[in-house]
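Biologist: Let's zoom in on one part of this model. Please pick a pair of facing residues and walk me through what surrounds them, charges included.

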Amino acid sequence: MQHTSARTGTRPGDRHDSRAPGRAPSRHGAERATGASAGSRSRLPRYWFAERLLLVLSGHRPVHWMLGHTIGHAYEQLVRLAPGAPLTTNGLRPVLRHCDEYVPQPGVIEAFARITAGDRVRAMAFRLEQGPDLRWRCAAVELGGERLMAGT
């Protein structure tokens, strides 16, 4: 028995997505459903830094990954803090849920992030400063009562 389809497309009749067989599903559908686009999020300096700080402070990336992205003593303080992986909770990988910012003056961003690992919610705050080369660099990090500031 031969199956005939009234559709002119290449998808099987019971298939509801537009991807070809054997290809990974598009991330765009999930992003549209949640209203957030990971692509547009990662272009914002606050999210870019929050993701990187999260990976370093959870032990998933080495501290030297932040070399060149910090100012003054902030890097040295990350070196001292990161080995304890303060954002890891019971071996669960933390997830950046939300990040927002306050701009006290041009070239300065004070950002705060909500991070979850299992049922635990943590907060992280950090300060970004834009240099003469227009690149953003982390000048301070505050996490769980521990404060890391450039020049301190």
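**Around a facing pair**

Modeller: Let's start with glutamate 129, which stands opposite arginine 137 in strand E4. Keep in mind that this is a predicted model. The two strands here are E3, residues 120-130, and E4; they run antiparallel and are joined by seven bridges. They make a hairpin with five residues between them, and in that turn leucine 134 takes a positive phi of about 70 degrees. As for E4 itself, it covers residues 136-143, and six of its eight residues are buried, so the strand is largely enclosed by the rest of the structure. Cysteine 138 is buried too, at 0% relative accessibility.

Now the charges. Glutamate 129 and arginine 137 face each other across the strands, but look at the salt bridge partners each one has. Glutamate 129 forms a salt bridge with arginine 127, with 2.9 Å between the closest N and O atoms. Arginine 137, for its part, has a salt bridge with aspartate 133, its closest N and O atoms also being 2.9 Å apart. The glutamate's link belongs to something wider: Glu110, Arg127 and Glu129 are connected in a network of salt bridges.

How open are these side chains? Buried means under 20% relative accessible area, so arginine 137, at 17%, falls on the buried side. Its partner aspartate 133 is partly exposed at 41%. In the other pair, glutamate 129 comes out partly exposed at 27%, and arginine 127 is partly exposed at 25%.

There are four salt bridges in the structure, and another one worth a look involves arginine 46. That residue sits in helix H3, which spans residues 45-57, and its side chain meets that of glutamate 101 in a salt bridge at 3.3 Å, N to O. Arginine 46 is in H3 and glutamate 101 in strand E1, so the pair ties together parts that are 55 residues apart in sequence. Arginine 46 counts as buried, at 14% relative accessibility, while glutamate 101 is partly exposed at 29%.

How does arginine 46 relate to the strands? Leaving out residues up to four places away in sequence, it touches Cys99, Asp100, Glu101, Ala111, Phe126 and Leu128. Its side chain also reaches the backbone oxygen of cysteine 99, at 3.0 Å. Cysteine 99 is buried, with just 1% relative accessible area, and it stands opposite alanine 113 in strand E2.

That brings in the other hairpin. E1, residues 95-105, pairs with E2, residues 108-117, in the antiparallel sense over eight bridges. There are two residues between those strands, and glycine 107 has a positive phi near 85 degrees.

One last check, given the cysteines we passed on the way: the disulfide count comes to zero. So, back at the starting pair, the picture is glutamate 129 opposite arginine 137, with arginine 127 as the glutamate's salt bridge partner and aspartate 133 as the partner of arginine 137.

Note on methods
Residues numbered from 1 in each chain as written. Predicted model: local features only at pLDDT ≥ 70, side-chain atom pairs only at ≥ 80, totals over all residues. Heavy atoms only, no water. Buried < 20%, exposed > 50% of the residue type's maximum accessible area, 1.4 Å probe, protein only. Helix = DSSP H or I, 4+ residues; strand = E, 2+ residues; numbered from the N terminus. Pairing = 2+ DSSP bridges. Disulfide = S-S within 2.5 Å. Polar contact = N/O pair within 3.5 Å; in protein donor to acceptor, adjacent residues only side chain to side chain. Contact = heavy atoms within 4.5 Å.
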